[in-house]
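I opened the model today to look up how its chains touch and how a few of its helices are packed. My entries are below the structure.

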Amino acid sequence: MELSEHLFRHEAGRMVATLTRIFGVHNLSLAEDVVQEAFCRALEVWKYRGVPENPSAWLMTTAKNRALDALRRERTARTFAPELTRQLESEWTLAPTVEEEFGPAAVKDDELRMMFSCCSPRLSEEAQAALILHILCGFSVEEIASAFVSSHASIEKRITRSKKVLASSTKLFDISGTVDFARRLPAVQRALYLLFNEGYHGASAEKAVRVELCHEAMRLTSMLLKNPLGAVPSTYALAALMSLNAARLPARLDGSGNLTALAGQDRSQYDQALAEQGLRLLERAATGPELSDYHVEAAIAWVHTSAQRTEDTDWATIICLYDQLMAIRPSPVVALNRAIAVAQREGPQRGLDEIRAIQDLERLANYPFYHAALGELEMDSGHLENAREHFAAALKLARNPMERTFFEHRIGACK
Amino acid sequence: MSEFVFLYRGGSRDGSPAEMQQVMQKWMNWFKELGEKGHVKDRGQPLERAGKLVSGKRKTVTDGPFAEVKDVVGGYTLIVAKNLNEAAELSKGCPILERDGAVEVRPVMKLDM
């Protein structure tokens, strides 16, 4: 029997979230140990007796039994979740309490609660995203380092520090408080957005890794949409932008994970079902007065996805949308994307003018795709020598083998 | 055909959830392959790591594990093969070997009666 893909990763997230609620957030590492024990046990038993009918339930029950052992073993040495301490300390109430705390009603919001807890204002956005990936998606430090194309040491430091911050909070985030929920929600959305972008634009050369990151971000976002307080227009917009971009992912990366420029993409590879789902989500996002950057980005993705060919793209609308995005979340990168759209509509010279006029242009100096954009526009203007220089500058800044190959090809095209 | 016991010793217990799942999948594939070729008489049982050791005339009871952690037997399987060489050859596919473990291959003693 084949196990469903990612079963262990997703169960790891569920189990850690539930165990941390019962043990108390300060015992996060004990919860992780118990999860590891549950997996070891599954491995030992399943290989001889076969995979049980319901592997998720089997793992959860094992985690519960291991948790009981841990609670008995540790109760003199540790304190547990404050609101449960008394029931967990007495042998009379221990087992029934653990049983109840593992019940369907109790575990329902555990992952969401953990998601909000990971997005503590004491952590940077990158640290929040990495922590979510580690705790809720079951990625090891090694796997995160390879997904983020970062050194093992620096990711390990970030995760260790983030876990310490999380474990030093007095308790898990209370997701039942309407005001607090709304206040923390933007940070959660942002972390999921970063997670998605790391998959979509990120540096990993492995297509599978990138698709996985996108899927994880989408899975957690739909979890957020299932909560009445989380299902607000901006979350729908975030889910829409993920679906609409993910629909283009198969065409964006070729078989070996190489980047394909928008114009060279095979649009028949777009995932129509995802695109339609994205449009439905976008419609649900279009209620209320709020226009978030996620709304605008989803709309841009929709215009791209709905064009049959690159030359059919409605560039005027895209420029308009970038203007809106600049008003909500101005940045040199957004301005650069706007300039590229202007070039598509009004020619490469106009695009170059727009680029030169970008505020804080110097902040783009180390961004390889800034130089690549200049290269493309110079090439379109017939200035091959200039184009080659810009692509060479981009190549020098390339952050991974995939970008390197892409820029080398562009240099080769300057003939 | 003769019978052999595979004793699985040691093997890393670490790994990310994805790695653990991969290891699981490898074990299942290995057993499936052995089974399809008619080599598995009994998949066997996992053994708890803890236990007791009773020894000597004084019947001293000590708590296990009794060997170095890396040598603890975690389970066994009953295998059918032509001879010891074939059994050893079959054991080379065992996923435990990729995780710092070992397979001890022992013929079940035949009675000449």
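The entries take the chain contact and then three helix environments.

Conventions. I worked from a predicted model, in which local features need pLDDT of at least 70 and side-chain atom pairs count only at pLDDT 80 or more, while totals for chains, interfaces and linings use all residues. Residues are numbered from 1 along each chain as its sequence is written, and chains are lettered from A and ligands numbered from 1 in the order in which they are written.

Entry 1, chain B on chain A. I counted residues in contact (C-beta atoms, placed from the backbone, within 7 Å) and found 18 residues of chain B against 17 residues of chain A. On the chain B side, helix H1 (17–36), strand S2 (40–46) and strand S5 (73–81) each supply at least two residues; I took helices (H or I, at least four residues) and strands (E, at least two) as DSSP runs, numbered from the N terminus. H1(B) gives the most, with 10 residues. By class, this side of chain B has 9 nonpolar, 7 polar and 2 charged residues, where Ala, Val, Leu, Ile, Met, Phe, Trp, Tyr, Cys and Pro count as nonpolar, Asp, Glu, Lys and Arg as charged, and the others, Gly among them, as polar.

Entry 2, H7(A). I called a residue buried if 20 or more other C-beta atoms, placed from the backbone, lie within 10 Å of its own, and by that test 9 of the 9 residues of H7(A) (110–118) are buried. Among them are the charged-class residues Asp110(A), Glu111(A) and Arg113(A). The buried residues pack against H1, H6, H8, H10, H11 and H12 of chain A.

Entry 3, H15(A). This helix (293–306) has 14 residues and reaches 20 Å from its first C-alpha to its last, close to the 20 Å expected, the expectation being 1.5 Å times one less than the number of residues. Of its 14 residues, 12 are buried, including Trp302(A) and His304(A). What covers them includes H13, H14 and H16 of chain A.

Entry 4, H16(A) with H17(A). I found that the axes (lines fitted to C-alpha atoms over the stretch in contact, with angles from 0 to 180 degrees between N-to-C directions) come within 9 Å and cross at roughly 160°. H16(A) is therefore roughly antiparallel to H17(A), a term that applies to angles over 145 degrees. The contact residues include Trp315(A) and Tyr322(A) of H16(A) and Arg338(A) and Arg345(A) of H17(A), and the contact divides into 11 nonpolar, 2 polar and 2 charged residues.

Technical notes: Two residues are in contact if their C-beta atoms, placed from the backbone, lie within 7 Å. Angles under 35 degrees count as roughly parallel, over 145 as roughly antiparallel, 65 to 115 as roughly perpendicular and the rest as oblique.
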